Amino acid sequence: MASETKAAKEESVKDFKKSLETNPDYDPNIVVETQNLTKVYRDFWGRQKVRALKALDMEIRKGEIFGLLGPNGSGKSTTIKLLLGLLFPTTGRALVFGQDATEVTKNERIGYLPEESYLYKFLTAEETLDFYGRLFDMPGSVRRQRVAELIEKVGLTWAKRRQLKEYSKGMTRRIGLAQALVNDPDLILLDEPTSGLDPIGTREMKDMIIELRDQGKTVVMCSHLLADVQDVCDRIAILYQGELKELGRVDNLLQVSDQTEIRTKDLPAEAEEEIRQVLVKHGAKDISIEQPRTTLEELFLNIVRESEERPGHRMIDQREESAKQ
Ligand SMILES: Nc1ncnc2c1ncn2[C@@H]1O[C@H](COP(=O)(O)OP(=O)(O)OP(=O)(O)O)[C@@H](O)[C@H]1O
Ligand SMILES: [Mg+2]
């Protein structure tokens, strides 16, 4: 029975690959393409209830981290579910790897971290990943190695034999990511990957996302945490009430083109004065020469790092003292 299922699966993957070869429009650099993608949720009687996504047209390219942003209820999770084929579009379509998103075989190349955890609470981390490895028909030895690698990658080695019901929110997010990576997917869809994580977990999650991109994977993530999106995403789309309002490269969208910033280390006071005079001479307006601020994230991580290196040492007093001066 199992071998029959396996043979059927291999056959369908073969068909899928063949259909890619015969699809003349397929560009391997375009991993996701949506055309006029629209989703209307209907109620029990088939009446239109919510227009969750309205005529979305966008492309997501191979090897990029793409962010979906928007207020609550703007259609981010709906978009992700349409890409997975968990929902059917009302009109328009979504293509993933050049195939219609409703084609389930393509999901073998996709990893998905849902908004809410759905993992089985009575399994340990190891058992959970082993279970998903079996679903992908991975042989025992490969599975064992992959499970150990992933648990290590998401920093859960110390808790790998604990049942998931004992996990904190952040630990649950980490095991969710490991589960999404079991099949070594080419496209990874992450719905709020940093929600519930502390700043250290957030930094690690962001580093893992960047590492995946550096390995040539494509990542699509949605998040409300704009600083996280700004740190990792190459391009973003902003949705508002189901409509696409902005799409572009993060660095272009955030560039303030009529201002100039010059950075240097240990600038002497005389040099600063000379620079100011040069700027005045050239008619520069709104001159400000100041020391940049670090982010609260950097400050927090530095404090944690210092605390680990020097247990019992308090930094508050020194900071307060220097503030008084
Ligand atoms: N199963 C459903 N049935 C009916 N309406 C739904 C369903 N799922 C989502 N919606 C509606 O579709 C709209 C978009 O929801 P979606 O979950 O895609 O938003 P989101 O951008 O992911 O929001 P959040 O930031 O809160 O996660 C909302 O108005 C929501 O109420
Ligand atoms: Mg959502």
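A55 lies in strand β2. Phi of A55 is near 45°, a positive value in a residue other than glycine. The model is predicted. Its protein chain holds 11 helices and 10 strands. Of the 325 residues in that chain, 29% are buried. Among contacts with a separation of 6 or more, 66% join residues 24 or more positions apart.

**Strand β2 and the open sheet**

- An open sheet of 4 strands runs in the order β2-β1-β4-β5, with antiparallel pairing.
- The edges are β2 (48-61) and β5 (99-100), each with a single partner strand, so one side of each has no neighbour in the sheet.
- Strand β1 (residues 30-42) and β2 run antiparallel and are joined by 9 bridges.
- Within that pairing, T34 has M58 of β2 as its bridge partner.
- Strands of a sheet pair through backbone hydrogen bonds, either parallel or antiparallel.

**Two residues of β2: A55 and L53**

- A55 is partly exposed, because 14 other C-beta atoms lie within 10 Å of its own, and a count of 20 or more would be needed for it to be buried.
- L53 also lies in strand β2.
- L53 is buried, with 27 other C-beta atoms within 10 Å.
- Leaving out residues up to four places away in sequence, L53 touches L37, T38, K39, G75, T78, T79 and G242.
- L53 and L37 are 16 residues apart in sequence, and their C-alpha atoms are 7.1 Å apart in space.

**Around ligand 1**

- The shell around ligand 1 has 13 residues, of which Y41, A52, K76, S77 and T78 come nearest.
- Both β2 and α2 (76-84) supply at least two residues each to this shell.
- By class, the shell residues divide into 3 nonpolar, 7 polar and 3 charged.

**Strand β3 and its parallel partners**

- Strand β3 (residues 65-69) is mostly covered, with 5 of its 5 residues buried.
- I65, G67 and L69 point one way from β3, while F66 and L68 point the other way, and all are buried.
- β3 runs parallel to strand β8 (residues 218-222), and 4 bridges join the two.
- In β8, V220 stands opposite F66.
- β3 also pairs in the parallel sense with strand β9 (residues 235-240), again over 4 bridges.
- On the β9 side, R235 is the bridge partner of F66.

**The largest nonpolar core**

- The largest nonpolar core has 61 residues, and L83, V96, L189 and V219 touch the most other members.
- Helix α5 (residues 169-180) gives the most to this core, with 5 residues.
- Not counting its neighbours within four places in sequence, V219 is in contact with I65, F66, I188, L190, I209, L212 and R213.
- Two of these contacts, I65 and F66, are buried residues of β3 that point opposite ways from the strand.

**Helix α3**

- In helix α3 (residues 125-135), the buried residues include A125, T128, L129, Y132 and G133.
- Seen down the axis of α3, the buried residues fall within an arc of 135°, so they line one face of the helix.
- An α-helix has 3.6 residues a turn, so residues three or four places apart point the same way.
- The cover over the buried residues of α3 includes α4 (140-153) and α5.
- Helix α5 thus appears twice: as part of that cover and as the element that gives the most to the largest nonpolar core.

**Positive phi values**

- Most residues other than glycine have a negative phi.
- D137 follows α3 and has a positive phi, near 60°.
- Phi of D266 is near 45°, a positive value in a residue other than glycine.
- D266 is found in the loop between α8 (250-254) and α9 (269-281).
- D266 counts as exposed because it has 5 C-beta neighbours inside 10 Å, and the cut-off for exposed is 12 or fewer.
- A55 has a positive phi too, near 45°, but A55 sits in strand β2, whereas D266 sits in a loop.

Note on methods: Residues are numbered from 1 along each chain as its sequence is written. Chains are lettered from A and ligands numbered from 1 in the order in which they are written. This is a predicted model: local features need pLDDT of at least 70, side-chain atom pairs count only at pLDDT 80 or more; totals for chains, interfaces and linings use all residues. A nonpolar core is a set of buried Ala, Val, Leu, Ile, Met, Phe, Trp, Tyr and Cys residues joined through C-beta atoms within 7 Å. Two residues are in contact if their C-beta atoms, placed from the backbone, lie within 7 Å. Two strands pair if DSSP finds at least two bridges between them. A residue is near a molecule or strand if its C-beta atom, placed from the backbone, lies within 6 Å of it. Ala, Val, Leu, Ile, Met, Phe, Trp, Tyr, Cys and Pro count as nonpolar, Asp, Glu, Lys and Arg as charged, and the others, Gly among them, as polar. The arc is that of the directions from the helix axis to the C-beta atoms.
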